[in-house]
Amino acid sequence: MTVPAPVSRRSFVAASVGAALALGLSSQAQAQAPARGRSPFGRYGSPSARLNERTLYVHPGGLGDHTTVQAAVNAASGNGYTLVIAPGTYRETTAVSVARTDMTWIGASGEARDVVVVYDNAAGTPKPGGGTYGTTGSATTLVQADGFTARDLSFANDWLRADHPGISGTQAVAIKVQGDRSAFLRCRFLGHQDTLYADSMALGTFARQYYRDCYVEGDVDFVFGRATAVYENCHFRTLIRDDLTGAPYGFVFAPSTAGANPRGYLVTGGRISSEAPDAYYKLARPWVPSSDTTARPMLTVRGTRLGAGIDAVAPYTNMSSGFPWQDQRFAEYRNTGLGAVVSVPENRPQLTSAEARSHTREVYLGDWSPWKGC
């Protein structure tokens, strides 16, 4: 499999105000019926030729069972449902509750850029009833159920700092995932700060997540949380920032792994590229949240190409001086690229070959093998 080619989140900002989508369809064209003999649901059947009684179809122009993703989720009153989602931009917030286990979302075209679930709340966005949304509340999509799988979809938050200069809570989550056995295949995650929140339902719950052939972009801590998460063959892209004049622009990873959890984030066989000047991004910083001061953030990056946008001299930094990154569980193994050059060894902990054998997808995910049959 190949990693999906990146298309900037800015394409979807344009789409939100009525411009043409990156996929080449206007919002009007999306709602029209497909050409004669062609189904908007591809090879996945249709409401008149349903794959099974637990398959639901979503189409923005009314050719499916539902016109919004959340309406289809609400109709799936049980476990094991599949949502087949036709090409289009779905401007809505969505949530999959704990009761809807083993749910699958499929982008019908097989191209993640064709099916976009997007909204524009930030942590500091005022709520209609008072207060603000906070980081979790800003999420376009929230997944709490175990056994969730998504294929060939884009999850986005197109809130922009420049449009809201009076808001200081600039975290804007595209998706927060808390369920165990959550898998994302050939998906895209688009945002700026806090794009992909890979977390768990509770401090003592070690949720396992698997991301394969995915694309993630952002600037500040844009992959973060306390899940046990494997990112295999994924492309991470750091964005330019017009609001800052110097480095660092941000940080790719900010794990908050519980101290009792032996496995945090594993990045393997991927790459990190950048829109920004060379060395303007840090690879990671540890997040020790106030709700869990015993956390020991864990990140292993192996066999991954680190572009020149990563600060090779000092790729790690502190989020809080009370929890230095050197006391956490950060390590690398056989990375390549200008951002992986080891010039100051004490700034770049490296695994031995023997240690690397315990940092694989099989070890991290245990008895769950989501890569089989991909």
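pLDDT is the predictor's confidence in each residue, on a scale from 0 to 100. That is a good place to begin, since this is a predicted model, in which local features need pLDDT of at least 70, side-chain atom pairs count only at pLDDT 80 or more, and totals for chains, interfaces and linings use all residues. Residues are numbered from 1 along each chain as its sequence is written, and side-chain values use heavy atoms, with hydrogens and water left out.

The average pLDDT of the chain is 92, and 90% of the residues reach at least 70. Residues 1-8, however, stay under 50, and the model gives them 26 contacts (heavy atoms within 4.5 Å) beyond four places in sequence. Residues 12-33 also have a pLDDT below 50, with 30 contacts in the model beyond near neighbours in sequence. Where pLDDT is low, the predicted coordinates should not be read in detail.

Now let us step back to the whole chain. It holds 6 helices and 25 strands; these are DSSP runs numbered from the N terminus, with helices being H or I of at least four residues and strands being E of at least two. The radius of gyration, taken over C-alpha atoms, is 20 Å, close to the 21 Å from the globule rule (2.2 Å times the number of residues to the power 0.38) for 374 residues, so the chain is as compact as a globular protein of that length. Its C-alpha atoms fill a box of roughly 60 × 45 × 40 Å along the principal axes. Of the 374 residues, 53% count as buried, meaning under 20% relative accessible area with a 1.4 Å probe and protein chains only. Among contacts between residues at least 6 apart in sequence, 71% join residues at least 24 apart.

Next, the strands. An open sheet of 10 strands runs in the order β1-β2-β5-β8-β11-β14-β17-β20-β23-β25, paired in parallel; two strands pair if DSSP finds at least two bridges between them. At the edges stand β1 (55-58) and β25, each with a single partner strand, so one side of each has no neighbour in the sheet. Within this sheet, β14 (residues 208-212) and β17 (residues 228-232) pair in the parallel sense over 5 bridges, and R208 stands opposite T228 in β17.

Strand β9 (residues 154-157) offers another view of parallel pairing. β6 (residues 115-119) pairs with β9 over 4 bridges in the parallel sense, with V118 opposite A156. β9 is also joined by 3 bridges to β12 (residues 188-190), again running parallel, and here F155 stands opposite F189. From β9, S154 and A156 point one way while F155 and N157 point the other, and all are buried.

Two charged residues round off the tour. K176 is found in β10 (residues 175-177) and counts as buried, at 6% relative accessibility. Its side chain makes a polar contact (a pair of N or O atoms within 3.5 Å; within protein, one must be able to donate a hydrogen and the other to accept it, and residues adjacent in sequence count only if both atoms are side-chain atoms) with the side chain of T136, at 2.7 Å. Leaving aside neighbours within four places in sequence, K176 is in contact with residues including T136, L142, Y197 and D199.

E332 lies in the edge strand β25 (residues 329-333) and counts as buried at 1% relative accessibility. The side chain of E332 makes a polar contact with that of N335 (3.2 Å). Not counting residues up to four places away in sequence, E332 touches several residues, among them L283, Y316 and R348.

Terms used:
Buried < 20%, exposed > 50% of the residue type's maximum accessible area, 1.4 Å probe, protein only.
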